Amino acid sequence: MNISWETVLAYVAGAVIVAIVAYVTHVKARGVTKIVINSLAGGVFIMGLSAFNIIVLPFNIFNALLVGALGLPGAAVVVAAAIML
């Protein structure tokens, strides 16, 4: 499994954007923690699927931003798109 730095940075950027939006909209610390954990869980889920060759998922900037911003629902969208295509 070869993940480029651009993909990792895009994932982190997505998570940071979500955290900034949550902070600006005055979401409580508990809500921000849930959002960050959801984003990390989505990233781990995608990497786990690819690491064990369960499904071949392309690691690109769009997918990393989607999973970083939406978390597990974003990971589900990426998996569904990969299955349909």
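Where is Ile55 found? Some notes on that and on a few other spots follow.

1. A word before you look around: this is a predicted model. To take the opening question, Ile55 is in the loop between α2 and α3, where α3 covers residues 61-70.

2. Being in a loop doesn't put Ile55 out in the open here. Its relative accessible area is 18%, and Ile55 counts as buried because the cut-off for that is under 20%. If you set aside residues up to four places away in sequence, Ile55 touches Leu49, Ser50, Val79, Ala82 and Ile83.

3. For a sense of distance, try Ile55 and Thr7. They are 48 residues apart along the chain, and 18 Å separates their C-alpha atoms.

4. Next, have a look at Ser39, which sits in helix α2, residues 29-51. Ser39 is buried too, with a relative accessibility of 2%. Not counting neighbours within four places in sequence, Ser39 has contacts with Tyr11, Ala15, Val67, Gly68 and Gly71.

5. Now for a pair of helices. The axes of α3 and α4 (residues 72-84) lie 6 Å apart, and the two helices pack at an angle of about 145°. On the α3 side, the residues involved are Asn63, Leu66, Val67 and Leu70, and they meet Leu72, Pro73, Gly74, Ala75, Val77 and Val78 of α4. Sorted by class, this contact has 8 nonpolar residues, 2 polar ones and no charged ones.

6. One residue worth picking out is Val67: it is among the α3 residues that meet α4, and it is also one of the contacts of Ser39.

Terms used:
Residues are numbered from 1 along each chain as its sequence is written. This is a predicted model: local features need pLDDT of at least 70, side-chain atom pairs count only at pLDDT 80 or more; totals for chains, interfaces and linings use all residues. Side-chain values use heavy atoms; hydrogens and water are left out. Helices (H or I, at least four residues) and strands (E, at least two) are DSSP runs, numbered from the N terminus. Buried means under 20% relative accessible area, exposed over 50%, partly exposed in between (1.4 Å probe, protein chains only). Contact means heavy atoms within 4.5 Å. Axes are lines fitted to C-alpha atoms, for helices over the stretch in contact, and angles run from 0 to 180 degrees between N-to-C directions. Ala, Val, Leu, Ile, Met, Phe, Trp, Tyr, Cys and Pro count as nonpolar, Asp, Glu, Lys and Arg as charged, and the others, Gly among them, as polar.
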